[in-house]
Amino acid sequence: MNKRIYLQSENNIPYIDLYLHERAKKESIVLVIPGGGYFFCNPREGEDIAYNFLSRGFDAAVLQYSTNKGDLYPKQLIETAKAIDYIKKTLGYEKVFLCGFSAGGHLAASVATLFNKEERIKEYDCRPNGCVLSYPVLISRRFENKITLDNLCGNDEALRSWVSLEDRVDSQTPKFFIWHTFEDEKVPVENSLIFASALRKNNIAFELHIYEKGPHALSLATDITAEREEDVNNHASSWFDLACDWIKNCL
């Protein structure tokens, strides 16, 4: 890690950790957003991801956002918008890509679809240039991950509907790279399929990869991030190289 930037006050959340190359021109960066059901930021989906992007030639940052009980929408959305705005305006990056995992995928997709709809983030320059979503939570109702949406929305059913993001896609939504596993029992693969269908209906370019095998929260799907034997999946681990190629093609 090169530096920690507190976006609100010293020693407080939200903050971003920077992992940077030494280069004069700051053209693009990947902001990693860990998952954790909106009740913690999963360390398996943070620093190791940033270092892997760094090894592929990308500058990277990791967002730590609010996950205390009672931290409901739009608190995390505002924090993410503020982080993107800071990266663009203060750090001077021309392009910002998001890489979100599970609930972090929901947060990334929320910024990407609500930047022009949610009044409380319109003051920020927060539209990403593209999003990489890993086994993301994206929809409510039939295929929802209840714990994640409970932590984000409480008992507010109208809010639950608002953050079902397949309904928020429009012509200004940026591009997406999405991957999921068919066997994911915690966040059904329909989250990615239904969201991708909404992208297609709005003529938004995307790349979608559904791997047959693998549980939820594979992270890199390699020994680097594995906690259990089933977290290592040599086939699904191809997502990272594919995502890096996709980002390069977006530049």
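Begin by selecting strands β7 and β8 (residues 206–211) in this predicted model, where six bridges join the two strands, which run parallel. To see the register of this pairing, pick I178, whose bridge partner in β8 is L208.

Next, add helix α6 (residues 190–201) to the selection, since β7, this helix and β8 make up a right-handed β-α-β unit.

Keep β7 (residues 175–181) highlighted and colour its residues by accessibility: six of the seven are buried, under 20% relative accessible area, so the strand is largely enclosed by the rest of the structure. Then bring in strand β6 (residues 130–134), which pairs with β7 in the parallel sense over five bridges; on this side, V132 has F177 as its bridge partner in β7.

From the strands, move to the packing of side chains. In soluble globular proteins, nonpolar side chains tend to be buried together. Here the largest nonpolar core has 52 residues, and those with the most contacts inside it are I16, L31, L133, F176 and F195. Select helix α3 (residues 103–114) as well, because this helix gives the most to that core, with seven residues.

Which residues does F195 touch, leaving aside those up to four places away in sequence? Centre the view on F195 and display its contacts, which are A109, T113, L133, L138, L165, E166, V169, F176, I178 and E190.

Finally, select A60, Y135, W179 and L218, which are among the 30 residues of another core that lies apart from the largest one.

Technical notes. Residues are numbered from 1 along each chain as its sequence is written. This is a predicted model: local features need pLDDT of at least 70, side-chain atom pairs count only at pLDDT 80 or more; totals for chains, interfaces and linings use all residues. Side-chain values use heavy atoms; hydrogens and water are left out. A nonpolar core is a set of buried Ala, Val, Leu, Ile, Met, Phe, Trp, Tyr and Cys residues joined through side-chain atoms within 4.5 Å. Buried means under 20% relative accessible area, exposed over 50%, partly exposed in between (1.4 Å probe, protein chains only). Helices (H or I, at least four residues) and strands (E, at least two) are DSSP runs, numbered from the N terminus. Contact means heavy atoms within 4.5 Å. Two strands pair if DSSP finds at least two bridges between them. A crossover is right-handed if, with the strands pointing away from the viewer, the path from the first strand over the helix to the second runs clockwise.
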